[in-house]
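Could you pull this one up while you read? I have a few notes on a helix and a pocket.

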Amino acid sequence: MSESKGVLQGFKEFLMRGNVIELAVAVVVGAAFTNIVNAVVKGVINPIIGALGSQNLDNYKACLSASCEVNKKTGEYTSGIYLLWGSVLSAALTFLITAAVVYFLMILPLNKWKERLAAKKPVEDVPVDPTEVELLIEIRDALLAQRAGSPSVPSSHAGIIGTQKSQQ
């Protein structure tokens with residue numbers, strides 16, 4: 001009984017993680033936008049392409065073999081090997097429009113909002129670590145002082161070495 005309770009508790013923790021919830025929201029919103037995007041593709045893009053030919057992108061095909069035949073009554077292809085590039089184009093357009101809508105209407109505003117929240121947070125006064133040049137100057141001064149027989153370190157850099165040694 002305790003093992004199943006642990007498994008259920010682990011499953012609950014998995015579901016309550018932030019990124020799992022965000023993913024679920026993204027899937028739901030993406031599914032909702034898919035209907036809108038399909039309507040835009042069928043109602044706007046297909047008629048624009050239809051000005052050049054057929055309004056249904058699925059009708060755009062290319063024959064790979066020399067013996068391609070079309071049934072004149074139905075308009076369907078009866079023999080030959082065809083690339084259905086119109087269907088691929090339609091799916092690619094649907095994907096690009098969906099991605100653009102999700103990015104520009106959801107991701108971009110959310111990132112701007114997060115930036116504003118981060119800008120409103122007070123900045124903590126964290127001591128800045130010494131640069132490489134400062135550390136090298138300090139090491140040089142310490143070596144010079146050691147050669148001269150003086151065990152003291154120049155006072156301007158004494159705090160940096162002590163801080164570095166205590167951090168390690």
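My points follow, helix first and pocket second.

1. Ground rules: this is a predicted model, where local features need pLDDT of at least 70, side-chain atom pairs count only at pLDDT 80 or more, and totals for chains, interfaces and linings use all residues. Residues are numbered from 1 along each chain as its sequence is written, and side-chain values use heavy atoms, with hydrogens and water left out.

2. H4 covers residues 132–147, and its 16 residues reach 22 Å from first C-alpha to last, close to the 22 Å expected at 1.5 Å a residue (1.5 Å times one less than the number of residues). Helices here are DSSP runs of H or I, at least four residues, numbered from the N terminus.

3. Glu138, Asp141 and Ala145 are the buried residues of H4 (under 20% relative accessible area, with exposed over 50%, 1.4 Å probe, protein chains only). Seen down the axis of H4, they fall within an arc of 65°, so they line one face of the helix. On the other side, Glu132, Val133, Leu136, Gln146 and Arg147 are exposed.

4. Just after H4, have a look at Gly149, which takes a positive phi of about 90°.

5. Now the largest pocket: about 260 Å³ of space lies in it. H2 (18–50) and H3 (85–120) each supply at least two lining residues, and H3 gives the largest share, five residues.

6. What is the mix of nonpolar, polar and charged residues in the lining of the largest pocket? It divides into six nonpolar, one polar and two charged, with Gly counted as polar and Asp, Glu, Lys and Arg as charged. Among the lining residues are Glu22, Gly30, Met106 and Lys114.

Notes
Arc of directions from axis to C-beta. 1 Å grid on protein atoms, 1.4 Å probe; cavity = no way out; pocket = protein on both sides within 12 Å on 5 of 7 lines; lining within 4 Å. Points joined across faces, edges and corners; volume = space filled by probe spheres on them.
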